[in-house]
Amino acid sequence: ASFTIALRTVDNVTVMIKLRPGVLVGCQIRVKNFFRSELKIKPGDNVTFTFTCSTPEKYFIMEIQKNIDCVSGPCPFGDVHLYPPGLPRLNRTFIWDVKASTKAGLELKFSTPWLRQIEPGETCPDFVSYNINSCIDKATVSIGTFCRNGSVSRVKLLGGVIMSLHLPWNSPLTTSGFNIANRASIKRLCIIESILKGESSITLMSPNYPLGFPEDELMTWQFVIPSSMRASVFFHNYSLSNCERKEERVEYYIPGSLSNPEVFKLSDSQPANIPGSFNLSLQGCDQDAQNPGILRLLFQVVVQHPQVDENVTHLVDLSKELNMTVTIHFEGWPSRIPVMSEPICLICKDPRTCDRVLTLASGTVYKISFLCKDLSRLRITAEKGISCVDLRWCQRKIYSLLVPKAITQLPIQLHKFIWKLLAPDLINIEITSPSLKLQQHVPEQRCNTSYSYSIVGATPETDLNVGVFCPGGSVEKIQMRNNVTISLKTFGKGFINESKHQDLKMSFVPHIKDECSFTVSPDPKAKVYLQTPNWPYGLPPYVSISWYVVVPNKQVARLGFSKDRMGIACETGRAYVNIKEETVGAEETVRREDEPLPEPRNMYHDFWVNVSNCKPVDKTQLTLQFRVTLADKQIDLGVILAVVAGAGVLAAIGLTVCCVKKKKKKSQNPMVGVYNANVNTQVPGKQGLFTKGRKNNESHVYAVIDDAMVYGHLLKESNGSVSPEVDVYRPFDGPIGSLPPSPPPLSFRKDIKRSSNTEEPPPLTDTDHDTYTFAHQKSGQSEDIGDTSEKNNGDTSTSLLENKEQDGLVE
């Protein structure tokens with residue numbers, strides 16, 4: 001198809017057709033017999049042309065510029081038309097360059113549905129956009145980019161204006177949508193009028209955003225709002241320039257206010273709950289020539305109906321609290337930014353100081369109110385710090401980790417309460433729940449309460465996520481070596497009632513051996529599942545964790561692991577699982593990472609489970625879970641009969657021995673030592689003491705032996721109180737109940753032979769000269785869990801309108 005464009009000289013319109021940026025030449029413009037990639041049609045020209053392709057909109061764009069002189073001639077007030085008609089269907093930009101004196105500014109009036117300002121780079125839904133630029137002398141200032149369907153009804157500018165309208169090739173728009181309404185002198189850069197009739201939210205930006213507001217300039221936004229509505233202002237993004245004189249600020253003119261204009265810094269909380277219309281002005285300053293900085297502002301105005309409960313105040317008394325902050329915020333804060341169009345919830349600490357997020361500090365009493373239709377969309381997050389500097393003073397104090405009533409009485413759901421427990425070196429933290437106890441949240445035993453505690457310890461190198469716990473379990477006490485963060489998180493509305501029974505407490509205690517230690521009193525009627533911290537990512541390298549499990553009298557505990565092996569390979573050091581009952585002479589079960597874990601076993605006394613990690617070879621980490629089940633002890637009838645029979649035999653033997661002694665009183669023959677082959681007579685020590693070996697010499701034959709030693713095995717089998725005084729290997733004779741078991745000494749670990757049921761002591765060698773003891777690491781040092789030839793190199797872990805007139809917009 002051919003197109004004819006005829007331009008009148010008096011219209012002062014120029015048409016330019018050119019290739020789209022970045023598009024290769026795939027189509028040309030044919031004028032008579034000439035082909036070209038660009039065509040310029042000047043005022044007075046009459047040109048007929050065609051395109052050499054059927055889809056020229058893919059290759060060409062069009063600019064139509066009209067120059068209007070309002071300085072030397074009359075200004076064409078009224079609607080601005082899209083001229084000339086009959087243009088080809090290309091993406092086109094209409095540009096109106098209006099010259100005007102700075103003593104007679106221009107007013108542009110937009111027809112409904114008015115305009116909505118967008119950020120630079122943002123696209124309008126219908127791809128129709130307006131760009132407004134102010135021209136003062138030779139300087140050009142971008143007032144902003146706008147889409148259709150908004151609230152901006154008029155713009156008043158100082159000096160001339162360059163107005164651009166961008167239309168896509170398929171747009172049906174036939175009118176410009178604005179007119180030149182008036183000329184009126186203003187003493188500021190511009191005035192933007194915004195009309196908000198109902199509940200709505202708009203976003204506006206300062207001129208030249210985000211590059212910077214012109215130096216020492218003044219501009220005003222006028223908001224026309226029904227007197228029955230309430231408006232609130234929120235600054236979302238701003239920056240300040242470096243001022244040499246004056247200061248940057250915003251000023252509000254609010255009808256009926258006793259202090260007009262009300263002056264605020266950009267960093268202040270801006271006025272809220274404003275009844276009806278108001279003006280907002282931005283004032284710049286004289287900037288430092290060497291380092292001017294940037295003044296810019298992006299803000300939001302929210303209009304809503306008055307809330308029924310806006311005059312209802314809630315007392316929040318934090319006067320007796322220490323080191324605590326309370327933040328009331330919208331759901332999803334701070335990770336989620338609410339959409340501008342969402343209904344807004346405001347929290348006010350006085351009738352005009354409101355915001356979406358309000359933080360209250362301890363030591364103060366607040367009277368707050370809510371401008372919100374649905375309070376269920378609000379949440380509370382609180383944080384409290386507890387620290388200890390001198391153990392002699394603070395170890396006698398028990399701190400209750402309770403949510404204060406000042407928070408629970410508010411009509412808002414508590415989202416999270418965080419306690420940050422700070423302990424210096426050599427001071428550790430103990431967490432207890434005396435009455436409710438705690439249940440560890442594991443896949444086999446999930447928490448179903450209205451709240452839970454997440455406990456995280458800070459090791460020198462990394463955080464140690466101890467786990468998630470809820471009330472109503474078997475964990476009585478948790479001791480940790482480093483600073484601890486406890487986060488109470490709520491689920492549902494039941495917390496208000498359940499919170500009345502909280503009993504979580506903490507205290508500061510002297511230094512403990514392991515990174516973390518648990519005291520567990522299992523529920524006789526249920527299985528207890530326990531798992532290592534940092535689940536499922538695994539224990540950090542070289543970390544040791546202990547569980548002390550209390551077994552009630554007349555009951556037996558069944559201990560079993562959820563898998564057969566630890567499932568790791570060590571690069572440095574060794575990983576161990578140690579199990580030991582708290583009773584005299586109890587043997588300790590030790591398993592290394594390359595050995596099978598112990599089979600399920602019965603524990604008749606309180607016992608320790610200790611897990612010590614190495615530095616794993618690959619990304620696979622040490623994760624262990626075990627379970628404890630209590631049952632009543634079964635009385636064995638055979639044992640009872642054996643005891644009774646044994647007692648009768650002992651009585652008979654006692655009489656016989658007595659008689660024999662009387663008969664042999666006169667005899668002076670030496671008594672004969674009896675060798676008991678069932679007793680292990682090896683003693684840890686140097687082999688050099690018995691070069692021949694005790695089984696090969698006569699050092700194990702006693703010259704004299706007491707009667708009780710002859711029949712001592714009978715007493716032992718019948719749970720008697722007399723123990724044979726023979727040379728028996730005992731792996732541990734230290735104090736009971738004070739420390740958890742530890743991996744054995746390095747020399748003992750190398751050659752020890754283990755089985756799932758019994759453990760025989762290793763043969764004594766020249767290198768096995770250390771007495772078997774529990775290796776307790778020194779304070780602040782990691783425990784060497786490798787062979788004697790290996791060395792651990794890792795650390796243990798984890799902020800006016802002065803002489804300016806208020807310019808009205810005159811029709």
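Cysteine 394 is buried, since its relative accessibility comes out at 0%. Its disulfide partner is cysteine 388, with the two sulfurs 1.7 Å apart. This is a predicted model, so treat every value here as computed from it. Across the whole structure, a search turns up nine disulfides, 23 aromatic pairs and 19 salt bridges. Here's a tour of some of them, plus one small sheet.

**Disulfides and cysteines**

- Back to that opening pair: cysteine 388 has a relative accessible area of 4%, and cysteine 394 sits at 0%. The cut-off for buried is under 20%, so cysteine 388 counts as buried and so does cysteine 394.
- Cysteine 345 is bonded to cysteine 372, with 1.7 Å between the sulfur atoms. This link brings together distant parts of the chain, 27 residues apart. Cysteine 345 is in the loop between strand S29 (324-330) and strand S30 (346-350), while cysteine 372 is in the loop between strand S33 (365-371) and strand S34 (378-387).
- Are cysteine 345 and cysteine 372 buried or exposed? Both of them are buried.
- Cysteine 447 and cysteine 470 make another disulfide, this one with an S to S distance of 2.1 Å. Cysteine 447 comes from the loop between strand S38 (438-440) and strand S39 (451-458), and cysteine 470 comes from strand S40 (residues 463-471), so the bond ties together parts that are 23 residues apart in sequence.
- The link of cysteine 447 and cysteine 470 is left-handed, at -85° about the S-S bond.
- The two ends of that bond have their own surroundings: cysteine 447 is partly exposed, at 22% relative accessibility, whereas cysteine 470 is buried, with a relative accessible area of 1%.
- Two other cysteines deserve a mention here. Cysteine 190 is buried at 0% relative accessibility, and cysteine 516 is buried at 0% relative accessibility.

**Salt bridges**

- As a reminder, side chains of opposite charge can pair when their charged atoms come close.
- Aspartate 11 pairs with arginine 8 in a salt bridge, and the closest N and O atoms are 2.8 Å apart. Aspartate 11 is buried at 10% relative accessibility, but arginine 8 is exposed at 52%.
- Aspartate 97 and lysine 99 form a salt bridge as well, with 3.1 Å between the closest N and O atoms. The aspartate 97 end is buried, having a relative accessible area of 14%, while the lysine 99 end is partly exposed at 43%.
- Arginine 154 and glutamate 193 meet through their side chains in a salt bridge, at 3.0 Å from N to O. Arginine 154 belongs to strand S14 (residues 152-157) and glutamate 193 to strand S17 (residues 190-195), so this contact ties together parts that are 39 residues apart in sequence.
- How accessible are the two partners, arginine 154 and glutamate 193? Arginine 154 is buried at 7% relative accessibility, and glutamate 193 is buried at 8%.
- There's a third member to add: Glu107, Arg154 and Glu193 are joined into one network by salt bridges that share partners.

**Aromatic rings**

- When you look at ring contacts, keep in mind that a pair of aromatic rings is described by the distance of the centres and the angle of the planes.
- Which residues do ring pairs link into a cluster? The members are Trp221, Phe223, Phe235, Tyr252, Phe264, Phe278 and Phe299.

**A four-stranded sheet**

- Four strands make up an open sheet in the order S1-S6-S3-S4, and the pairing is antiparallel.
- Why is one side of strand S1 (2-6) and of strand S4 (34-36) left without a neighbour in the sheet? Each stands at an edge and has a single partner strand, so one side has nothing to pair with in the sheet.
- From one strand to the next, the twist averages 30°.
- Strand S3 (residues 29-31) and strand S6 (residues 46-51) run antiparallel and are joined by two bridges.
- For a residue to look for there, find isoleucine 29, which stands opposite phenylalanine 51 in S6.

Notes
Residues are numbered from 1 along each chain as its sequence is written. This is a predicted model: local features need pLDDT of at least 70, side-chain atom pairs count only at pLDDT 80 or more; totals for chains, interfaces and linings use all residues. Side-chain values use heavy atoms; hydrogens and water are left out. A disulfide is a pair of cysteine sulfur atoms within 2.5 Å. Buried means under 20% relative accessible area, exposed over 50%, partly exposed in between (1.4 Å probe, protein chains only). Rings of Phe, Tyr and Trp (its six-membered ring) pair if their centres lie within 6.5 Å; planes under 30 degrees apart count as stacked, over 60 as edge-to-face and the rest as tilted. Two strands pair if DSSP finds at least two bridges between them. Axes are lines fitted to C-alpha atoms, for helices over the stretch in contact, and angles run from 0 to 180 degrees between N-to-C directions. A salt bridge is a side-chain nitrogen of Lys or Arg within 4 Å of a carboxyl oxygen of Asp or Glu.
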